[in-house]
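These are my notebook entries on a single protein model. I set down what I looked up, entry by entry.

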Amino acid sequence: MLKQLIPDLYVESVFHIDLDELAARGVKGIITDLDNTLVGWDQPDATPKLIEWLDHVRDTYGIKVCVVSNNKNHRVEQFSKPLNIPFIGRARKPKRAPFLRALDVLNTKREETVVIGDQLFTDVLGGNRMNMYTILVVPVAEKEWVGTKVLRMMERVALSILRRRGMIPWE
């Protein structure tokens, strides 16, 4: 179980992901979380910098993006629709179903798709259960929903155990 919580890559933000490396790995699709991964939990719209990054991902690398979030469908739609990005709200990650739906939407295979998110127990665990490449990012903001705060406490315990066992590859 603990190995399922270890991402393949840990970076500060989506802006620190080496897109050349992803392209060289044959990545054709990105399944990304929304809240505190792309924007803050209470931020309704994409920042200009994020819009530029998403355009770069799509236009330069031909990589398709799908937002998969556990937040309400209305919230995810409000963010994704203006960007013309497909989305899945109320995803219930780490269940497999939303990841399978996203692969269908992106029309990519597991080995061609990466999962990006800020949480171990939803994004990383879900992606790893699907045998996809997972990228953990530092949360964009500290303000979070109360349920996420509970998961963060559990993450700290899991990270402490992983650290004691020398299982954190970026340390």
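**Entry 1. Strand S3 and its neighbours.** I worked from a predicted model throughout. I began with S3 and strand S4 (residues 87-88), which pair in the parallel sense over two bridges. In this pairing I found Val-67 opposite Phe-87 in S4. I then traced the connection and noted that S3, helix H3 (residues 73-80) and S4 form a right-handed β-α-β unit.

Which strand did I find paired with S3 over four bridges? Strand S2 (residues 29-32) pairs with S3 in this way, and the sense is again parallel. Here Ile-31 stands opposite Cys-66 in S3. I recorded a right-handed β-α-β unit for this part also, made by S2, helix H2 (residues 48-61) and S3.

Is S3 mostly covered or mostly open? I looked up strand S3 (residues 64-68) residue by residue and found it mostly covered, with four of its five residues buried.

**Entry 2. The whole sheet.** I next looked up the strand order. The sheet is open, has six strands with parallel pairing, and runs S1-S6-S5-S2-S3-S4. I marked strand S1 (9-11) and S4 as the edge strands, since each pairs on one side only. At the S1 edge, I counted three bridges between S1 and S6, which pair in the parallel sense. Tyr-10 stands opposite Leu-136 in S6.

**Entry 3. Salt bridges.** I turned to charged side chains. Side chains of opposite charge can pair when their charged atoms come close. With a cut-off of 4 Å between side-chain nitrogen and carboxyl oxygen, I obtained a count of nine salt bridges.

I examined the pair of Arg-75 and Asp-35, whose closest N and O atoms are 2.5 Å apart. Arg-75 lies in helix H3 and Asp-35 in the loop between S2 and H2, so this salt bridge ties together parts that are 40 residues apart in sequence. Are Arg-75 and Asp-35 buried or exposed? I found both Arg-75 and Asp-35 to be buried.

I then looked within helix H2. Asp-55 and Arg-58 meet there in a salt bridge, at 2.6 Å from N to O. Both residues lie in H2, three residues apart, which is about one turn of the helix. At 30% relative accessibility, Asp-55 counts as partly exposed. Arg-58 has a relative accessible area of 35%, so I entered Arg-58 as partly exposed too.

Arg-58 has a further partner: Asp-59 forms a salt bridge with Arg-58, the closest N and O atoms being 4.0 Å apart. Asp-59 has a relative accessible area of 59% and is therefore exposed.

Finally, I noted a network of salt bridges that links Asp-33, Lys-93 and Asp-123.

**Entry 4. The largest pocket.** I searched next for open space. Rolling a probe the size of a water molecule over the atoms shows where empty space is left. The largest pocket came out at a volume of about 400 Å³. I listed 18 lining residues, and those nearest the centre are Asp-35, Asn-70, Asn-71, Trp-145 and Thr-148. I had already met Asp-35 as the salt-bridge partner of Arg-75.

Which element gives the most to this lining? Helix H6 (residues 146-164) does, with three residues. Sorted by class, the lining of the largest pocket holds three nonpolar, eight polar and seven charged residues.

**Entry 5. The second largest pocket.** I found about 250 Å³ of space in the second largest pocket. Of its 14 lining residues, Tyr-10, Pro-139, Arg-152, Glu-155 and Leu-159 are the closest to its centre. Strand S6 (133-137) and H6 are the elements that give two or more residues to this lining. The largest share comes from H6, with five residues.

How many polar residues line the second largest pocket? I found no polar residues in this lining, but eight nonpolar and six charged ones. Tyr-10, among the residues closest to the centre of this pocket, is the residue I had entered opposite Leu-136 in S6.

**Entry 6. Cross-reference.** I close with helix H6, which appears in both pocket entries. H6 gives the most to the lining of the largest pocket, and H6 also supplies the largest share of the lining of the second largest pocket.

Key. Residues numbered from 1 in each chain as written. Predicted model: local features only at pLDDT ≥ 70, side-chain atom pairs only at ≥ 80, totals over all residues. Heavy atoms only, no water. 1 Å grid on protein atoms, 1.4 Å probe; cavity = no way out; pocket = protein on both sides within 12 Å on 5 of 7 lines; lining within 4 Å. Points joined across faces, edges and corners; volume = space filled by probe spheres on them. Nonpolar A, V, L, I, M, F, W, Y, C, P; charged D, E, K, R; others polar. Buried < 20%, exposed > 50% of the residue type's maximum accessible area, 1.4 Å probe, protein only. Pairing = 2+ DSSP bridges. Right-handed = clockwise from strand over helix to strand, strands pointing away.
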